[in-house]
Amino acid sequence: MATLSGLGGVGKTALALHVAHTVRAHFPDGQLYVDLQATGLAPADSSAVLTHLLRALGVAESAVPDGLEQKAALYRSLLADREVLVLLDNARDSAQVRPLLPGAPGCAVLVTSRARTLALPAAFRVDVEVMDEAEALALLDAIVGAERVAAEPEAARELIAACGGLPLVVRIAAARLASRPGRTMADLVARLSDERRRLDELRVGDLGVEATFRGGYDALGPGHAHAFRAIALCGMPTFCRGAAAALLDTTDDEAEAAVETLVDAGLVELHGDDRYRYHELVGLFARRLGEACDSPREREEAQRRFSDYVLATVLTAERLIRPHGALPDLLRRPESPGRTLADANAAHEWLHLAHTRLYAAVERALDTAPGLLHSAVDLLTAWSHVLSGTDRHRTLEPLVHRAVDRARLHGDDVATARALRLLGAPSHSTEPRGRAERALLESSRPAKSSGDPLVSTDAAHELVLVRVAMGRERAAPACAQALTVAEPPIPDPHRAPFPGRMPYLRPLNRPAARAEYGGRRACRGDRAARGPTVVGAGRTSGSAPGSALTALPRARHGRLTDLVSMWTSLEPAAITVDPGSVASVGLRVRNTGDTVEEYRLRPAGAAAGWTRVEPDVLRLYPGAEGTAQVFFAPPRTSDAVAGPTPFGIRVEPAEHPEIRDVVEGQITVGPFTELRCELVPLSVRGRWRAKAAVAVDNLGNQPLTVSLSGRENGDALTVEPEPTSVQVAPGRAGFVQLNIRPGTVSWIGGTDKHPFTVAVQRAGVPEPIDLRGTYIQPSVLPRWVMAVCSLLVVAALAFVALWFKAVPKVPTSAREKPAPAGSKLPQEDKKPSQEPTKEPSEKPPPPPEKESPEDTGEEEGPKAQTIRSNANGGWYLQANGGNQVDGTQIGQNPEWTGDQFGRNQWWIIHHYPEDNTIALEPASALGSVAELKANTNEVQLWAADPEQLTSGKLPPQQKWRLVDAGDGRTRIVNMRNEECLTDLQNDKGALSWKCSDGPNERQDWKISEGP
């Protein structure tokens, strides 16, 4: 049984039908298909489906039972002796499917469902994923034609990306192109680029993406339907339960429960630990439903709560990375506490991993309601500041430009001023100095009217730095303005938002300072004219006034610093490496500041354990560039997980570690598979049952799914794994319990040993791994107890015999009294006797004497002999129990019992010269012969026809052939399967086994006249 689960439109039904057609030759009795309509208005009733299946199997309508259980019983009885494949498509849940499962071992079942929680017994679950680009292009070629795809390869790839890899969507888009030969793929891609029209464009005939998703949505309850619409408003590629809780205005646990329900319904996908995601088209569908079902105010409030959650997390990272910064106090205080971050390292790691998600969140917030503009600009301001001095900071400029445009469009002065300041600030922008100066001047005008302390204070000081970099003579007016802004009394008496700027600004107005700085700038030449691209932190405000002028000073939120910046680059940024091998990329670091710096290079991220940087320290003069090599050596262990893994190289100036940069890239680790299985313990012991376990260790770097099955020794054992399949993560171990039960209970005798085998089948590998063990079954009553009981019985019988045989002699003095004289004798009864008189009969003649073979001339008949193996001192072949009941098993015994159990170790060998065969007749059960049991390799006693036993015309399973093995050894080969009689060293069953080529003590027997 296999279950296929996945998103609607991913191709579960098509895959199941393809598999059914592929294996149809293995099911000669037919195939049954039923659409259970889980996504329809009314899912199919199991009772009605059983009626349909019974009619398909030839049951008359009048003969179909009424109840569900009666229908299911009749359905399973009809399939008991058939080999049928049953395909149950579009199932809702396990309760709908369970009555439709056949009970016959020759039948197979394929179930497709969007739900991932189908709990069916011994079912192998397959998650159907979306197609990759190559598969989607192949489908597009098949429908549209290879010529049109080859003519527009780039447009074809964009079309596949817009379809999200869903086979149904690719088929719809291809059908639209095929029906309009004159339309190019680029035209359709342009239509699909508009998110508001994309779902409408993806419809052809009765096929539509929206209708496919709506089936799963309609099955949700009101609360989960609202969660499905609200969480999609985040617009991020993936989201965590904290983000979902902010959007739903609930706790993290309640949000996680709601999201897990959406995962089970096939509407949301699981993406790593505590990460979820919408498929791109499912997210569009959810947001369209939100616009139709939720009010604009509800959607705006949900997005505001989500923006507060993200802003609070970014501000937490800002406080951990720059604990003395004042920026968090100048921004709007969010209501949400945000995500908890342990320390500065955790903050850096979170910023590194969440960069793409934050970008998408800010982008969607800027494009939605005007009421979210302030939240978006505050988030962008905090994010831009915390990324200051890193290589990723420059990626925020498109968002800053968009924020400026949106703020101007809505006439928001505060948002406009803050966004323009981000464009002009040298610590946040890569704009040319002239454009940065204009942006800072423009930001100061709306800041005066709005009274924003962040822009009015910060923009003036940023303008000083830009004008100093452009030319010393233009900095004096800006310094004067900055002094007028910074010197008024500060409203908060306990904390000044920008302390320490005044000692740095005043020296710039002194003529000596201007001359000194101008001379240094002239010595640097063109490099100083170009200016820094990224600015960080440097010396503290405690430095002497002279040392503050040794480089371009820089004041940032409570600290007076020198101009310190760097530029970093990875070449290439992405690489592929196999476990056990080594690959490398180049890291370039350029000192774009004004001081000599020593940069420490340290690996970061999940790949840091098998990453090294050579050299790990670069000392660079201003304007100099250094190169280091980053080596990746993933071990061939589960630590190097297969697939793409982000990595980072932390570049940290030795004197200014607070402006460290994390240069990120991506390494793709190739997969490898290694599986180790072990049976624990190898031998188990029990009279009635026993338990063992199979340990499955995944030593590879990708998840593995294995299934287990037990193979017992004939009917002697039953081995049941629980569960029958297990999925093991890389580096983990899975344990499967084995329930072992003997077929019969040994009441009297010694200890039996039953070998068994457990087959471990890995998904995708045809050959299983066989684990062999031994089940030791002691008898209920030990042998010594039987010996004692036998002695007691013999003693009791002897006592009884002696009791009845002995005649005690009792002495007495009594004498017979003589009759008195003259007394009459008693008269006899004159009645005739009732007993008939016996007539004399003739004595029977003596029996004739038996003629000896010498007198008659006939040959003497076969004699009883013993058959003994050559293994472990030799075990005697015996008829268990010494009876003549059909089916009595033939076993072995290491001890000679003689005639104790009715000559059960003596055998009469009948030779048939016509075909050079024999028959084995036990002396304890005359008229029976050793026979190979049907459909097994067990040897048993069975009654033989007397005429056939004499003439040798026995069936092949009752005839054997003797083969000389040399040195007085003989092999006994059965005529039905040509296998040798094999001694398994137990008294419960002799077996036939494949004859070995060389000597084999267990298959070589010695036939003799006695023990």
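# Exercises on strands, helices and burial

Residue A2 has F124 in strand β5 as its opposite number. The model examined here is predicted. The exercises start from this pair of residues.

**Exercise 1. State how many bridges join strand β1 to β5, and in which sense the two strands run. Then give the order of the strands in their sheet.**

Solution.
Step 1. Strand β1 covers residues 2–5, and 4 bridges join it to β5. The two strands run parallel.
Step 2. The position of A2 opposite F124 in β5 is one example of this pairing.
Step 3. The open sheet consists of 5 strands, in the order β2-β3-β4-β1-β5, with parallel pairing.
Step 4. At the edges are β2 (31–35) and β5 (124–127), each of which pairs on one side only.
Step 5. From one strand to the next, the twist averages 15 degrees.

**Exercise 2. Determine the order of the strands in the sheet that contains β13 and β17, and state its type of pairing. Explain what is particular about the strands at its edges.**

Solution.
Step 1. The order is β13-β20-β19-β15-β17; these 5 strands form an open sheet with mixed pairing.
Step 2. The edge positions belong to β13 and β17 (617–620). Each has a single partner strand, so one side of each lacks a neighbour in the sheet.
Step 3. Direction ignored, neighbouring strands of this sheet are turned by 30 degrees against each other on average.
Step 4. Both senses of pairing can be illustrated. Strand β13 runs parallel to strand β20 (residues 661–669), joined by 4 bridges, and A574 has Q666 in β20 as its bridge partner. Strand β15 (residues 597–605) pairs with strand β19 (residues 643–653) in the antiparallel sense over 7 bridges, and R600 has E652 in β19 as its bridge partner.
Step 5. Helix α18 (residues 344–353) packs on this sheet and touches β15, β19 and β20. The direction of α18 makes about 130 degrees with that of β19.

**Exercise 3. Which side chains of strand β13 are buried, and which are not?**

Solution.
Step 1. In a regular strand, side chains alternate between the two faces of the sheet.
Step 2. Strand β13 (residues 574–577) shows such alternation. I575 and V577 point to one face, whereas A574 and T576 point to the other.
Step 3. A residue counts as buried under 20% relative accessible area. I575 and V577 are buried; A574 and T576 are not.

**Exercise 4. Describe how helices α11 and α15 pack, and name the residues that meet.**

Solution.
Step 1. A pair of packed helices is described by an angle and a distance between the axes.
Step 2. For α11 (residues 209–218) and α15 (residues 280–293), the angle is about 75 degrees and the axes are 10 Å apart.
Step 3. Angles of 65 to 115 degrees count as roughly perpendicular, and α11 is therefore roughly perpendicular to α15.
Step 4. V209, E210, F213, R214 and Y217 of α11 meet L281, V282, F285, R288, L289 and C293 of α15.
Step 5. The residues of this contact comprise 8 nonpolar, no polar and 3 charged.

**Exercise 5. Which residues of helix α12 are buried, and what covers them?**

Solution.
Step 1. In α12 (residues 222–231), the buried residues are A225, A227, F228, R229, A230 and I231.
Step 2. Their cover includes α11 and α15, together with α13 (241–248) and α14 (252–264).
Step 3. For the chain overall, 46% of the 1011 residues are buried. The chain contains 31 helices and 41 strands.

Notes. Residues are numbered from 1 along each chain as its sequence is written. This is a predicted model: local features need pLDDT of at least 70, side-chain atom pairs count only at pLDDT 80 or more; totals for chains, interfaces and linings use all residues. Side-chain values use heavy atoms; hydrogens and water are left out. Two strands pair if DSSP finds at least two bridges between them. Axes are lines fitted to C-alpha atoms, for helices over the stretch in contact, and angles run from 0 to 180 degrees between N-to-C directions. Angles under 35 degrees count as roughly parallel, over 145 as roughly antiparallel, 65 to 115 as roughly perpendicular and the rest as oblique. Contact means heavy atoms within 4.5 Å. Ala, Val, Leu, Ile, Met, Phe, Trp, Tyr, Cys and Pro count as nonpolar, Asp, Glu, Lys and Arg as charged, and the others, Gly among them, as polar. Buried means under 20% relative accessible area, exposed over 50%, partly exposed in between (1.4 Å probe, protein chains only).
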